[in-house]
Amino acid sequence: MTRLFLFATAITAAAALTSCQLPSSLVIDEASASAVGVADDSLRVLAVGLEAPTWDSVKEANINAEGPNQIDDTYTSIKTKEKVLAITFDDGPHASNTPRLLDILKERNVRATFYVVGNMVRYRPEMLRRMVAEGHEIGNHTVTHGTLSKMSMDGVRKELQAAHDQIEAATGVPPRTMRPPGGAITKAQKQMVLSEFGYPTVLWSCDPKDWQKPGVSVVTQRLVDGAYPGGILLMHDLHKASIDAVPAALDTLLSRGYRFVTVTELIGMEADF
Ligand SMILES: [Zn+2]
């Protein structure tokens with residue numbers, strides 16, 4: 001298993017690991033459920049499951065627990081001189097945004113990694129099959145999108161095992177990495193996840209905060225400016241405005257000589273460095 005030193009200081013880690021949380025306005029309730037195309041009987045589950053994990057309330061404890069030079073299987077990027085990137089999309093699949101994103105990726109022959117949520121997967125497993133058929137990777141982002149760092153070890157185990165089983169049942173391909181909602185996970189939990197599931201924990205090097213909807217061109221520019229060899233870009237395929245920012249970002253980065261690989265491929269390149 002490849003190991004990566006986390007070089008980030010506590011300060012830079014705090015800056016990098018801002019959030020992949022959903023804003024409160026996007027917490028799914030009955031009125032907005034049609035927007036994500038979920039069945040009525042799932043409303044209660046989704047309303048709980050997609051509540052925003054609050055990174056701000058846990059980051060201090062996490063960073064203090066880990067220290068600046070902790071060795072573990074956590075990736076925010078890899079060391080490489082090659083112009084290679086992994087672009088990741090969290091919290092889907094979404095009924096309309098995800099298929100449109102897949103079209104955008106296919107047009108450019110770009111492969112991505114999707115950190116899907118089990119409570120979303122259950123209603124559209126066919127989208128996961130399309131992802132796999134088109135060369136994308138699927139990672140584990142839990143079933144309920146809860147804050148793992150606030151859960152018991154057994155709670156984390158259940159979240160990941162159920163999502164793992166859903167993904168494998170839908171596609172025949174087990175996930176190989178995980179991303180904790182909000183980036184919130186403890187050192188002990190990461191060690192359990194690695195030893196029991198074989199998953200490295202995958203965070204990100206660039207968070208354009210697309211879920212805050214700062215404007216399509218702003219998100220595009222943040223992705224372009226935040227890209228560097230070996231980087232991991234964080235996006236969310238729940239939001240139309242996020243998808244709108246993808247074509248120009250990809251086209252610009254491709255024109256600058258970057259190529260896109262899946263997260264597992266990126267991690268494999270670290271071993272060759
Ligand atoms: Zn998420």
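Strands β5 and β6 run parallel and are joined by 4 bridges, and this pairing is a convenient place to enter what is a predicted model. Within the pair, Phe 114 has Ile 138 of β6 as its bridge partner. Along β6, Glu 137 and Gly 139 point one way while Ile 138 and Asn 140 point the other way, yet the residues on both sides are buried.

Just ahead of this strand, the loop between α7 and β6 holds His 136. Is His 136 buried or exposed? The count of other C-beta atoms within 10 Å of His 136 is 20, and because a residue is buried when that count is 20 or more, His 136 is classed as buried. Once its neighbours within four places in sequence are set aside, the contacts of His 136 are Arg 111, Ala 112, Thr 113, Phe 114, Met 131 and Thr 262, a list that includes Phe 114, the bridge partner of Ile 138. A further relation links His 136 to Leu 105: the two are 31 residues apart in sequence, while their C-alpha atoms are 9.5 Å apart in space.

From the strands the reader can turn to helix α8, which comprises the 19 residues 153-171. At 1.5 Å a residue, a helix of this length should span 27 Å, and the C-alpha atoms at the ends of α8 are indeed 27 Å apart, so the expected and modelled spans agree. Which residues of α8 are buried? They are Val 156, Glu 159, Leu 160, Ala 163, Gln 166, Ile 167 and Ala 170. Because these buried residues cover an arc of only 125° around the axis, they lie on the same side of α8. On the face turned away from that buried side, α8 carries the exposed residues Asp 154 and Ala 169.

What do the buried residues of α8 pack against? Their partners are the strands β5 (113-116) and β6 (137-140), together with the helices α6 (118-121), α7 (125-133) and α9 (187-197); the parallel pair described at the outset, β5 and β6, is thus among the elements that the buried residues of α8 pack against. After α8 comes Gly 172, a residue whose phi is positive, near 80°.

These elements belong to a chain with 13 helices and 9 strands. Of its 273 residues, 47% count as buried. When contacts between residues at least 6 apart in sequence are considered, 82% of them join residues at least 24 apart.

How values were computed. Residues numbered from 1 in each chain as written. Predicted model: local features only at pLDDT ≥ 70, side-chain atom pairs only at ≥ 80, totals over all residues. Helix = DSSP H or I, 4+ residues; strand = E, 2+ residues; numbered from the N terminus. Expected span 1.5 Å × (residues − 1). Buried ≥ 20, exposed ≤ 12 C-beta atoms within 10 Å, placed from the backbone. Arc of directions from axis to C-beta. Contact = placed C-beta atoms within 7 Å. Pairing = 2+ DSSP bridges.
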